[in-house]
Structure formats: C-alpha cells, structure tokens
There are 2 protein chains.
Amino acid sequence: MARAATTLDSFNAVAEPKRRYVLEALADGEMPVGDLVGRLGWPQPMVSKHLGVLKEVGLVSVRRDGRQRLYRVNGEKLKTIYDWAKMFERFWAHQLLRIKEQAERKNKEKPINHFER
Amino acid sequence: MARAATTLDSFNAVAEPKRRYVLEALADGEMPVGDLVGRLGWPQPMVSKHLGVLKEVGLVSVRRDGRQRLYRVNGEKLKTIYDWAKMFERFWAHQLLRIKEQAERKNKEKPINHFER
DNA sequence: TTGACATATTCCTATATAGGAATATAAATA
DNA sequence: TATTTATATTCCTATATAGGAATATGTCAA
C-alpha cells in the first residue's frame, strides 16, 4: 500500500512544506493567486496545484472576483490540527515538573546494582 | 519529484493516520511495544515500523527495560505542530465577529446590479 | 546452552504524489 | 472578434512510502 492521499485530511495536506508556506502567506489575508505567485516566487501552475489540494480538504476557500480568484484561510480546518496537537499539551507544559518526575522515575527503575556488569 | 519524506519533519510523520493513533495511545503514558500492539490490534512489525518513524523525527523517545522498549511521547515536537496551527488562531476565534464581517464584505463586493444578466 | 519472549529489520510491490512543460479555460478589454 | 490577462488542468516520470511476509536481533529464564 502507498501513503495516504494528500487530500485525505488536513494533516496530509499540510505535510507538504510548500502548502504550509501557502497558508502562511494567506495568513496576511485573502488574496488572488497572482499575489501568492509573487510572494512565493514559484511557477503559477505550482501555486494553483497546491491551492487545489488545500481547497479540496477545506483548508482554504475561494471566491471569484472578475478573472481573479481570491483565496483565504479556513480557520475551522486549521483548528482541527490545533485541537489534535493540544491534546498533548501536558507533555510540554510544566516542563520543570516533568523533568523532576522523570528523574525520580529513573531512580526507581534503575536501582544501583553493584553486581551486574 | 515525489512527496517529501515522512521522516522530514513532525508534520509529515503525523500525516499518516496510524501514526496519530500511536501517539494518542501513548498519551496514556509510557508503554512497551507489546501494549501498543494489544491496544491497536495491528501486527507487531507494523507498530514497530511506525514507532521507528516517530522516533526518527523525535515525536517519541525510547528507553530499554529488560527485553521491553518503553516508548513515550515527546512533547516538544508536538508543540511545534501546535504552535504552527496556533498562528491561525484568529481565523477561528471570534467566530461570530468574522461571520458578520464577511457578510458586510460580501455586500460591498457584490453590489446589486440590475443591468447585468 | 536452549528455548521463549519482545522487538526490530529486510525484502517486495502497488501506489500516490510533486514538479516541469505545455495547454486549456475564462474573463476583461480594445 | 481578437487579444491579453488570470488561473486551472493535463500529461509525464521519478520516487518514497505502507503493508505483508519472513526473518533477524536481543534478552531473560531454566
């Protein structure tokens, strides 16, 4: 079996670094494809293709304005990622406490044994 | 060019749904591979391989205890994902305000024109 | 030493891209 | 209508998996 489709969900879509850059650029506000091409310095088809994937998973939404297409970030979908990562919050919060607990655990688990190796 | 390596960074590592399940299981605390196999119900080599990727990008760390290997979540790396997603916080916070603004924008952008089509 | 147990690694293959190049589509404008 | 401008799509190929199967490695216990 191959890897999961990039369009399977938000996680797969943002796995590609370039798609994260696109989203970061769009964080400055809604903008047409041309602006993104200018900011990112990539070939236009490349930008459009990445936007297509982001659109398909719902990380961005579009609206037409004349011959331009204005893309913007869709917060809801990014919140999905945020919420998922947040469930591990306690693993980085209380850093000092954790280091202390870890040290105590280690002392219990590895009692000094003068006979082994 | 193919897709970026799953071991390129945390984002690529957690793109695979199964690896997210592994991390979620480990959220209950440090545990040996066998426990994960039991909880997830996957073949042992599959669990080990996913753990290998998570280990390589630093999302988990291991310590040996006899013939077991105890894996645990590494918060720091998950915080990277959390922080990235958090930069889009304003796109989902103040939801009601945003919907209101959007409606106003729409009214400005699409003036009623009795002459077109 | 010989099993038994716990985990990792190797080999194999089907598959889904990402990027480049070329082209198609759509809308404004002259 | 012909042209320009803005964006999307198609075609092609190299590549990195993910899973399955088999096996290797490492460690404890008798």
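How many bridges pair S2(A) with strand S3 (residues 68-73) of chain A, and in which sense? The legends below begin with chain A of this predicted model and return to that pairing in the second view.

**View 1. Chain A is built from helices and strands.**
Chain A holds 6 helices and 3 strands. Read from the N terminus, its elements follow the order α-α-β-α-α-β-β-α-α. Chain A has 117 residues, and 26% of them count as buried. Among contacts in chain A with a separation of 6 or more, 50% join residues 24 or more positions apart.

**View 2. Three strands of chain A make an open sheet.**
The strand order in chain A is S1-S3-S2, with antiparallel pairing. Strand S1 (31-32) and strand S2 (60-65) of chain A are the edge strands, each pairing on one side only. The opening question is settled here: S2(A) and strand S3 (residues 68-73) of chain A are antiparallel and share 6 bridges. In a regular strand, side chains alternate between the two faces of the sheet.

**View 3. The S2-S3 hairpin of chain A, residue by residue.**
Two bridge partners can be picked out by name. A:Val62 has A:Tyr71 in S3(A) as its bridge partner. A:Ser61 is partnered by A:Arg72, also in S3(A). The hairpin of S2(A) and S3(A) has 2 residues between the strands. In this hairpin, A:Gly66 adopts a positive phi near 65°. A:Gly66 also appears in the fifth view, as one of the closest residues to DNA strand C.

**View 4. The sheet of chain B.**
Chain B also has an open sheet of 3 strands, ordered S1-S3-S2 and paired antiparallel. Its edge strands are strand S1 (31-32) and strand S2 (60-65), each with pairing on one side only. S1(B) and S3(B) run antiparallel and are joined by 2 bridges. Opposite B:Pro32 stands B:Leu70 in S3(B). B:Pro32 is also among the closest residues to DNA strand C.

**View 5. Both protein chains surround DNA strand C.**
DNA strand C has 28 residues around it. The closest are A:Ala2, A:Gly66, B:Pro32, B:Gly34 and B:Pro45. From chain A, helix H4 (44-56) gives two or more residues to the surface near this strand; from chain B, helix H3 (33-40), helix H4 (44-56) and strand S3 (68-73) do so. H4(B) makes the largest contribution, with 6 residues. What is the make-up of the surface near DNA strand C by class? It has 12 nonpolar, 8 polar and 8 charged residues.

**View 6. Both protein chains surround DNA strand D.**
Around DNA strand D lie 27 residues. The closest are A:Pro32, A:Gly34, A:Pro45, B:Ala2 and B:Thr6. Helix H3 (33-40), H4 and S3 of chain A, along with H4 of chain B, each supply at least two residues of the surface near DNA strand D. The largest share, 6 residues, is from H4(A). This surface has 12 nonpolar, 8 polar and 7 charged residues.

**View 7. The contact between chain A and chain B.**
Chain B contributes 24 residues to the contact, and chain A contributes 24 residues. On the chain B side, helix H1 (10-13) and helix H5 (75-86) each supply at least two residues. H5(B) gives the most, with 8 residues. By class, the side of chain B that touches chain A has 15 nonpolar, 2 polar and 7 charged residues. The copies meet through the same surface, because 100% of the interface residues of chain B are also interface residues in chain A.

**View 8. The rotation that relates the two copies.**
Chain B superposes on chain A after a rotation of 180° with 0.0 Å of shift along the axis, at RMSD 0.0 Å. The copies are therefore related as by a two-fold rotation axis. Which residue of chain B comes closest to the rotation axis? That residue is B:Tyr82, whose C-alpha is at 2.7 Å.

**View 9. Confidence along chain A.**
The average pLDDT of chain A is 86, and 80% of its residues score at least 70. In residues 104-117 of chain A, the pLDDT is below 50. Beyond near neighbours in sequence, this stretch makes 1 contact in the model. Where pLDDT is low, predicted coordinates should not be read in detail.

Notes. Residues are numbered from 1 along each chain as its sequence is written. Chains are lettered from A and ligands numbered from 1 in the order in which they are written. A residue is near a molecule or strand if its C-beta atom, placed from the backbone, lies within 6 Å of it. Helices (H or I, at least four residues) and strands (E, at least two) are DSSP runs, numbered from the N terminus. Ala, Val, Leu, Ile, Met, Phe, Trp, Tyr, Cys and Pro count as nonpolar, Asp, Glu, Lys and Arg as charged, and the others, Gly among them, as polar. Two strands pair if DSSP finds at least two bridges between them. Copies are superposed by least squares on the C-alpha atoms of residues with pLDDT of at least 70 in both. Two residues are in contact if their C-beta atoms, placed from the backbone, lie within 7 Å. pLDDT is the predictor's confidence in each residue, from 0 to 100. A residue is buried if 20 or more other C-beta atoms lie within 10 Å of its own, exposed if 12 or fewer, and partly exposed in between; C-beta atoms are placed from the backbone.
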